[in-house]
Amino acid sequence: MRPLTLLAAAVIENVGRRDFDVIEEAKTVELLIAECGNVDKAAMKLAKTKGWISQRRALLHLAQELQTAGPTHGYAWWRLSHSADRAAAANTLGAIPRFRYGHRHRGLPLTATAVLALSNREFTMTTTGVRPLQPGRPYPARYRRKGATLYRLITTTDPKTLGEMYLVTTFAFFMIGGLMAMLIRAELAVPGLQFLSNEQYNQLFTMHGTIMLLLYATPVVFGFANYILPLQIGAPDVAFPRLNAFSYWAFLFGGTIAAAGFVTPGGAADFGWTAYSPLTSMVHSPGLGTDLWITGLALGGLGTILGAVNMITTVICLRCPGMVMFRMPIFTWNIFVTSILILLIFPLLTAALLGVFVDRHLGAHLFDPATGGVILWQHLFWFFGHPEVYVIALPFFGIVTEIFPVFSRKPLFGYSGLVFATIAIGGLSMAVWAHHMFATGAVLLPYFSFMTFLIAVPTGVKFFNWIGTMWKGQLTFETPMLFALGFIVTFLFGGLTGVLLASPPLDFHVHDSYFVVAHFHYVLFGTIVFATYAGIYFWFPKMTGRFLDERLGKWHFWTTFIGFHGTFLIQHWLGVSGMPRRYADYLPTDGFTTLNTISTIFAFVLGASTIPFLWNVFKSYRYGEVVTADDPWGYGNSLEWATTCPPPRHNFYELPRIRSERPAFELHYPHMIDRMRAEAHITPGRRRRTATVVEDTAERSDHP
């Protein structure tokens with residue numbers, strides 16, 4: 001490829017990732033330079049040219065600078081490196097004869113290397129008579145009309161942008177839900193009603209559970225899926241880009257409607273996030289907040305269903321050549337199984353919510369206690385509710401499964417076992433819903449108890465595979481690895497208490513006590529929040545081109561880990577002692593005061609742990625260490641580490657050949673391919689496998 005063609009490609013990458021017109025413009029610039037013979041004449045001609053589509057200002061600025069800069073163009077370079085758009089600076093580099101960059105990027109010609117240097121803004125320059133200069137600000141100046149960014153966000157169909165919007169929006173809901181949790185813990189710190197009434201307390205814990213489960217935990221899955229899944233399967237986009245955008249806006253407006261009950265005269269919904277009948281009837285909940293809760297969750301559920309349709313279609317139809325199902329990364333497999341679960345359970349929730357709405361306003365008596373409606377609602381809700389636990393667990397299992405091999409410097413142990421364990425968890429999760437109903441006496445206890453014990457088996461397989469991946473590896477403990485290890489420890493504790501609750505006699509003893517609250521938070525917070533943070537620290541360099549600060553990241557991890565376990569570990573003891581959940585008050589003689597006070601103190605530590613994270617994201621996004629390679633961690637396996645940081649609009653300029661589940665590692669370490677193939681299959685068929693490797697090597701040498 002000629003240097004000017006590489007230059008045009010770099011212009012498209014660094015300036016026009018979201019503008020197809022830049023492609024045509026870059027071609028025009030290249031032809032113009034070729035016609036005029038050098039950049040000076042081309043720039044003078046550009047100065048008289050009108051009608052440029054997207055980068056007219058930058059190109060005209062380039063022309064004006066080149067006319068007055070002299071033969072070395074040092075002044076033009078200085079101005080462009082400080083203030084001009086990258087397209088203009090990129091076109092200037094060809095006219096600077098003694099431009100030197102600290103390292104060559106994959107052996108590209110000097111012109112393309114210099115453009116990539118501009119993208120990262122780490123460079124040195126030596127020209128005759130010009131002193132070497134450093135950029136005046138570490139973040140590039142922006143020249144956009146007011147409101148352009150908002151318009152782009154509203155109209156975008158780019159899955160990477162939508163993924164970032166999902167992550168930001170869900171984290172905002174997470175902060176709101178966390179604030180509600182801190183108010184609840186402050187009320188329970190000592191006996192007596194401190195500053196909340198019983199009604200306000202009921203509204204807070206109802207909306208806290210709703211926001212954390214349905215407005216944070218579920219949609220944050222699509223934040224990671226939209227950004228990472230197309231990259232991992234080598235797809236240029238998702239299957240239905242506009243439907244993808246509609247899914248996000250349905251979630252946003254649905255969540256806003258559900259939370260808007262706080263501004264109504266009667267307040268928000270106050271019947272608990274499980275919405276047990278008859279508490280949702282007009283007699284017990286006459287306010288508008290209940291109707292907003294129902295309609296908001298129904299609209300948000302529609303967005304979730306459509307998002308799942310998009311992910312399934314993308315995985316089935318848009319995998320790149322060579323990406324067969326059993327070469328897909330585990331994260332992609334988990335999103336695929338999760339999306340199937342969503343299609344099975346979310347329509348049921350939506351139908352049940354509409355049934356409650358019809359009961360309230362049309363008198364349908366679907367969930368009337370006189371006709372068995374109470375048990376009917378519990379069956380419908382928990383047939384959604386328990387698979388929902390795995391809807392929000394499986395994707396985060398996938399995130400930590402991507403992290404462990406990278407920071408262990410080893411291949412993933414038991415790839416096929418993890419895939420089959422994921423499928424088994426998805427199937428078994430549909431058969432255990434009634435273990436939430438042991439105390440009703442209306443379900444078959446032996447069957448659901450056995451199925452609950454059984455689902456621990458594939459989950460245990462995952463633990464063995466994670467430990468096997470780290471076993472005898474060269475472990476390093478960067479922040480993503482710390483949060484992944486925190487996930488393992490916390491989820492293990494939650495899983496062990498889940499095994500206890502699978503026994504009906506033990507469940508009868510601690511049902512509706514704080515033991516269940518502690519178990520629930522260990523399973524969900526330990527899975528979702530720790531793995532969410534791990535994924536953000538892991539993929540932030542890929543998303544933004546900058547690293548998060550490691551020192552702040554470690555502060556964030558330890559405050560989160562200590563705050564969480566200090567808050568919820570002792571709640572197991574509160575539950576065994578008999579403290580019921582959903583109560584706003586207790587007596588001093590109950591003996592719950594000391595443990596509740598300790599739990600509240602650590603809850604505020606947990607709340608404060610988000611401060612270093614927010615500061616880290618803000619600081620690193622603007623001034624963080626710049627990523628200078630496609631794979632900033634050095635040992636990435638899946639395809640997202642085979643493209644630039646951040647990726648271009650359609651993810652890839654060139655795809656490596658897919659021969660295994662580790663295409664990015666094989667791209668960056670080609671000398672390891674034969675050894676990895678030979679050592680990866682220690683089975684009776686190893687001799688036949690070795691022959692395949694030799695044949696594949698010969699093919700690779702013929703077709704580089």
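**Entry 1: backbone outliers**

I began with H365, which I located in the loop between α13 (330-362) and α14 (373-391). The model is a predicted one, and I read each value below as computed from it. H365 is not a glycine, yet I found a positive phi of about 60° for it.

I then looked up N651, another residue other than glycine with a positive phi, here near 80°. I placed N651 in the loop between α23 and α24. Its relative accessible area is 1%, under the 20% cut-off, so I recorded N651 as buried.

**Entry 2: cis peptide bonds**

I noted a cis peptide bond from C645 to P646, with omega near -10°. P646 sits in the loop between α23 (610-623) and α24 (663-668), and N651 is also in the loop between these helices.

I noted a cis bond from S277 to P278 as well, with omega near 10°. P278 belongs to the loop between α11 and α12.

**Entry 3: T274**

I next examined T274, which lies in the loop between α11 and α12 (288-317). Is T274 buried or exposed? I found a relative accessible area of 6%, and T274 is therefore buried. Setting aside residues up to four places away in sequence, I listed W377, F381, W382 and R582 as the residues that T274 touches.

**Entry 4: α10 against α11**

I checked how helix α10 (residues 198-232) packs on helix α11 (residues 241-259): their axes come within 11 Å and cross at roughly 165°. This angle is over 145 degrees, so I entered α10 as roughly antiparallel to α11. I recorded the crossing of α10 and α11 as left-handed. From α10 the contact takes M207, L215, P219 and N226, and from α11 it takes N244, F251, G255, A258 and A259. I sorted the residues of this contact by class and obtained six nonpolar, three polar and no charged residues.

**Entry 5: α15 against α17**

I turned to helix α15 (residues 394-408) and helix α17 (residues 445-470), whose axes are 9 Å apart at an angle of about 15°. The angle is under 35 degrees, and α15 and α17 are therefore roughly parallel to each other. I found that α15 passes α17 in a left-handed crossing. On the α15 side I listed L394, F397, V400, T401, F404, P405 and S408; on the α17 side, K462, W466, T469 and M470. The contact of α15 with α17 divides into seven nonpolar, three polar and one charged residue.

**Entry 6: T422**

I followed L394 and K462 further, since T422 is in contact with both, as well as with N334 and V337, leaving aside neighbours within four places in sequence. T422 is part of helix α16 (residues 415-428). Its relative accessibility is 0%, so I counted T422 as buried. I also noted 9.9 Å between the C-alpha atoms of T422 and P395, which are 27 residues apart along the chain.

**Entry 7: the whole chain and its confidence**

I recorded 26 helices and two strands for the protein. Of its 704 residues, 55% are buried. Among contacts with a separation of 6 or more, 78% join residues 24 or more positions apart.

The mean pLDDT is 81, and 76% of the residues reach 70 or more. Where does pLDDT stay under 50? I marked residues 47-131, for which the model has 153 contacts beyond four places in sequence. I also marked residues 133-137, with ten such contacts. Predicted coordinates should not be read in detail where pLDDT is low.

Notes: Residues numbered from 1 in each chain as written. Predicted model: local features only at pLDDT ≥ 70, side-chain atom pairs only at ≥ 80, totals over all residues. Heavy atoms only, no water. Axes fitted to C-alpha atoms, helices over the stretch in contact; angles between N-to-C directions. Helix = DSSP H or I, 4+ residues; strand = E, 2+ residues; numbered from the N terminus. Parallel < 35°, antiparallel > 145°, perpendicular 65-115°, else oblique. Left-handed = near helix turned anticlockwise from the far one by under 90°. Contact = heavy atoms within 4.5 Å. Nonpolar A, V, L, I, M, F, W, Y, C, P; charged D, E, K, R; others polar. pLDDT = per-residue confidence, 0-100. Buried < 20%, exposed > 50% of the residue type's maximum accessible area, 1.4 Å probe, protein only.
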